[in-house]
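This report works through a single protein chain, taking the sheet, the helices, the nonpolar cores and the charged pairs in turn. The coordinates come from a predicted model, and the description should be read with that in mind.

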Amino acid sequence: MYDLKTAMAGATNRFDDMTYASSEDEDASSIFTNISDMSYSKVEGFFVYYATNGTGNADEIAVIQVKNSGDLTQARESLEAHLQKRKSLYSTYDKSQLKKLDAARIATDSNCAALIVGDEADKISDAFYDFFK
């Protein structure tokens, strides 16, 4: 996951001042509930980058690596649900970020599902897919 994180975040400098959390953190299962409602027992690893201050910036990368590829659809669906919750939240207090959320990418490859939100989502999405080539 470290190499994938490095590839995706390195595709742009937008994530330099963002907060990072992952399955390596002490409270990983608790952190994971912020991005997905799937059972943490199905997760091999995850990471998330998000806006440190939470306002004025909806940029986010969230990647879930599942233990069993049969759970990849569930991981993708949980990230889609997370995106919908974020749209709902931003529609109430910062509508300027909705365009960015509407242009979000959800990608899957191998045993990973990724949510990519940002002005340069295409570059980050390309880095995700290039990683698995």
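## The hairpin of E4 and E5

Strand E4, residues 105-109, and strand E5, residues 112-117, are paired in the antiparallel sense, with five bridges between them. One of the residue pairs is formed by Asp 109 and Cys 112, the latter being the bridge partner in E5. The two strands make a hairpin in which two residues lie between them, and Ser 110, in the turn, has a positive phi of about 55 degrees.

## The sheet and the helices on it

The hairpin belongs to an open sheet of five strands, whose order is E1-E2-E3-E5-E4 and whose pairing is antiparallel. Strand E1 (19-22) and E4 stand at the edges with a single partner strand each, so that one side of each has no neighbour in the sheet. From one strand to the next, the twist averages 10 degrees.

At the E1 edge, four bridges join E1 to E2 in the antiparallel sense, and Ser 22 stands opposite Phe 47 in E2. Helix H1, residues 2-9, packs on the sheet and touches E1, E2, E3 and E5, with a direction that makes about 25 degrees with that of E2. Helix H5, residues 121-131, also packs on the sheet, where it touches E3, E4 and E5, and its direction makes about 5 degrees with that of E4.

## Two nonpolar cores

In soluble globular proteins, nonpolar side chains tend to be buried together. The largest nonpolar core in this model has 25 residues, of which Phe 46, Ile 64 and Leu 115 touch the most other members. The elements that contribute two or more residues to this core are helix H2 (28-32), strand E2 (43-50), strand E3 (60-66), H3, helix H4 (98-102) and E5. H3 supplies the largest share, with five residues.

A second core, separate from the one just described, has 17 residues, including Met 18, Ile 61, Ala 121 and Phe 128. Returning to Phe 46, and leaving out residues up to four places away in sequence, its contacts include Met 1, Ala 21, Ile 31, Phe 32, Tyr 40, Val 63 and Ile 64.

## Helix H3 and Arg 86

Does the length of H3 fit what its residue count would lead one to expect, or depart from it? At 1.5 Å a residue, the 22 residues of H3 should span 32 Å, and the end C-alpha atoms are 32 Å apart, which agrees. The buried residues of this helix are Leu 72, Ala 75, Ser 78, Leu 79, His 82, Leu 83, Arg 86, Lys 87 and Tyr 90, and what covers them includes E3, H4, E4 and E5.

Arg 86 lies in helix H3, which runs over residues 72-93. Arg 86 counts as buried because its relative accessibility is 11%, under the 20% limit for a buried residue. Apart from neighbours within four places in sequence, Arg 86 is in contact with Ala 58, Glu 60, Leu 101 and Val 117.

## Salt bridges

Nine salt bridges are found in a search of the whole structure. In one of them the side chains of Asp 59 and Lys 100 meet, at 2.8 Å from N to O; this pair links distant parts of the chain, since Asp 59 is in the loop between E2 and E3 while Lys 100 is in helix H4, 41 residues apart. Both Asp 59 and Lys 100 are buried, and together with Asp 119 they are linked in a network of salt bridges.

Within helix H3, Arg 76 and Glu 80 lie four residues apart, about one turn of the helix, and form a salt bridge whose closest N and O atoms are 3.1 Å apart. Arg 76 counts as partly exposed at 30% relative accessibility, and Glu 80 is likewise partly exposed, with a relative accessible area of 31%. Another salt bridge joins Lys 87 to Asp 102, with the closest N and O atoms 3.3 Å apart; Lys 87 lies in helix H3 and Asp 102 in helix H4, so the pair ties together parts 15 residues apart in sequence. Lys 87 counts as buried at 19% relative accessibility, whereas Asp 102 is exposed, with a relative accessible area of 54%.

Methods. Residues numbered from 1 in each chain as written. Predicted model: local features only at pLDDT ≥ 70, side-chain atom pairs only at ≥ 80, totals over all residues. Heavy atoms only, no water. Buried < 20%, exposed > 50% of the residue type's maximum accessible area, 1.4 Å probe, protein only. Contact = heavy atoms within 4.5 Å. Pairing = 2+ DSSP bridges. Core = buried A, V, L, I, M, F, W, Y, C linked by side-chain atoms within 4.5 Å. Expected span 1.5 Å × (residues − 1). Axes fitted to C-alpha atoms, helices over the stretch in contact; angles between N-to-C directions. Salt bridge = Lys/Arg side-chain N within 4 Å of Asp/Glu carboxyl O.
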